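Colleague: Before I rely on the descriptive terms used for this model, I would like to hear how each of them is justified. Could we take them in turn?

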Amino acid sequence: MNYLAHIYLSENRPKVTIGNFIADGNGIRGKSYQKFPKDIQVGILLHRQIDTYTDAHPTVRQSTKRLHENYGHYSGIIVDIFYDHFLAKNWLNYSDIALEDYAQQFYSLLDTNFSDLPERTRYLLPYMKKGNWLLSYASLKGIEKVLIGMDKRTNNQSQMHLAITDLQTHYDAFETEFTSFFEELQTFSHHKLKTILDTI
């Protein structure tokens with residue numbers, strides 16, 4: 001899953017949310033998560049469990065299979081982005097708080113806890129706020145921009161910028177798969193969070 005889903009699945013626990021958000025792309029591997037405050041550790045561990053569950057889930061694999069011929073091992077990354085789009089688009093089915101307000105609350109959380117953030121996240125934060133990444137996921141234009149950015153990060157080898165066409169062509173199928181999967185993921189994540197809180 002991508003940023004918005006990980007944030008949402010943290011169940012409005014501020015430090016857990018931070019951990020769940022920073023767990024990717026910051027070199028937090030193995031037991032290096034233990035250098036962070038306890039609740040951030042919980043978020044990092046929850047993030048890992050969510051990713052493991054997601055990668056192995058048959059519905060997610062059905063989504064990635066549709067893309068594999070054109071994008072190979074990048075298919076999973078693309079599906080994560082697609083699924084964040086459907087979460088953002090249908091946000092009011094999952095939250096009583098408008099996505100725009102939810103996003104601003106999240107950016108404020110990161111600002112307030114800036115000293116706990118890894119260097120890469122500190123660098124990205126101004127760009128994330130300026131582009132309002134979380135809100136942008138709700139539109140196809142926003143998703144296309146994300147895919148273009150991801151393709152640039154692979155030196156244009158992934159061709160991910162073309163995947164917006166795949167999303168438009170198979171839109172209903174991807175949305176149905178997301179809706180089915182995310183219901184199961186919420187249940188899994190809720191129970192896994194409780195287990196981690198009880199054991200760490």
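The exchange below takes up the fold, one helix pair, and the empty spaces.

Modeller: Please bear in mind throughout that this is a predicted model.

Colleague: What makes the chain as compact as a globular protein of its length?

Modeller: The chain has 11 helices and zero strands, and from the N terminus on the elements run α-α-α-α-α-α-α-α-α-α-α. Its radius of gyration is 16 Å, close to the 16 Å that the globule rule gives for 200 residues, so the chain is as compact as a globular protein of that length. Along the principal axes, the C-alpha trace spans about 45 × 35 × 35 Å.

Colleague: How do you know that helix H3 and helix H11 come within 10 Å, and at what angle do their axes cross?

Modeller: Two packed helices are described by the angle between their axes and the distance between the axes. For H3 (residues 38-56) and H11 (residues 171-199), the axes come within 10 Å and cross at roughly 145 degrees, and the crossing in which H3 passes H11 is right-handed.

Colleague: Which residues make the contact of H3 with H11, and how many of them are nonpolar, polar and charged?

Modeller: From H3 the contact draws on Val42, Leu45, Leu46, Gln49, Ile50, Tyr53 and Thr54, while H11 brings Phe181, Glu184, Leu185, Phe188, Ser189, Lys192, Leu193, Ile196 and Leu197. Heavy atoms within 4.5 Å are what count as contact here. By class there are 11 nonpolar, three polar and two charged residues in this contact.

Colleague: Why is one of the empty spaces called a cavity rather than a pocket?

Modeller: A cavity is a set of points where a 1.4 Å probe fits but cannot get out, whereas a pocket is an open set, so the two words separate closed space from open space. By this rule the count comes to one cavity of 30 Å³ or more, and the largest cavity has a volume of about 30 Å³.

Colleague: Which residues line the largest cavity, and which helix supplies the largest share of that lining?

Modeller: The lining of the largest cavity consists of Tyr3, Phe21, Ile22, Asp24, Asn26, Arg120, Thr121 and Leu124. Helix H2 (14-22) and helix H7 (119-131) each supply at least two of the lining residues, with the largest share, three residues, coming from H7. By class, the lining of this cavity has four nonpolar, two polar and two charged residues.

Colleague: How much space lies in the largest pocket, and which residues are the closest to its centre?

Modeller: About 1,200 Å³ of space lies in the largest pocket, and of the 37 residues that line it, the closest to its centre are Tyr3, Trp133, Val146, Met150 and Arg153. The helices that each supply at least two lining residues include H3, H7 and helix H9 (140-153), and the largest share, eight residues, comes from H9. By class, the lining of the largest pocket has 15 nonpolar, 12 polar and 10 charged residues.

Colleague: What lines the second largest pocket, and how much space lies in it?

Modeller: The second largest pocket holds about 150 Å³ of space, and its lining is made up of Ile7, Asn12, Arg13, Pro14, Thr17, Tyr102, Gln105, Phe106 and Leu109. Both H2 and helix H6 (99-112) supply at least two residues of this lining, and the largest share, four residues, is that of H6. By class, the second largest pocket is lined by five nonpolar, three polar and one charged residues.

Notes: Residues are numbered from 1 along each chain as its sequence is written. This is a predicted model: local features need pLDDT of at least 70, side-chain atom pairs count only at pLDDT 80 or more; totals for chains, interfaces and linings use all residues. Side-chain values use heavy atoms; hydrogens and water are left out. Axes are lines fitted to C-alpha atoms, for helices over the stretch in contact, and angles run from 0 to 180 degrees between N-to-C directions. A crossing is left-handed if the near helix is turned anticlockwise from the far one by less than a right angle, and right-handed if clockwise. Ala, Val, Leu, Ile, Met, Phe, Trp, Tyr, Cys and Pro count as nonpolar, Asp, Glu, Lys and Arg as charged, and the others, Gly among them, as polar. On a 1 Å grid over the protein atoms alone, a cavity is a set of points where a 1.4 Å probe fits but cannot get out, and a pocket is an open set with protein on both sides within 12 Å along at least five of seven lines; lining residues have an atom within 4 Å of a point. Grid points are joined across faces, edges and corners, and a volume is the space filled by probe spheres set on the points. The radius of gyration is taken over C-alpha atoms; the globule rule is 2.2 Å times the number of residues to the power 0.38.
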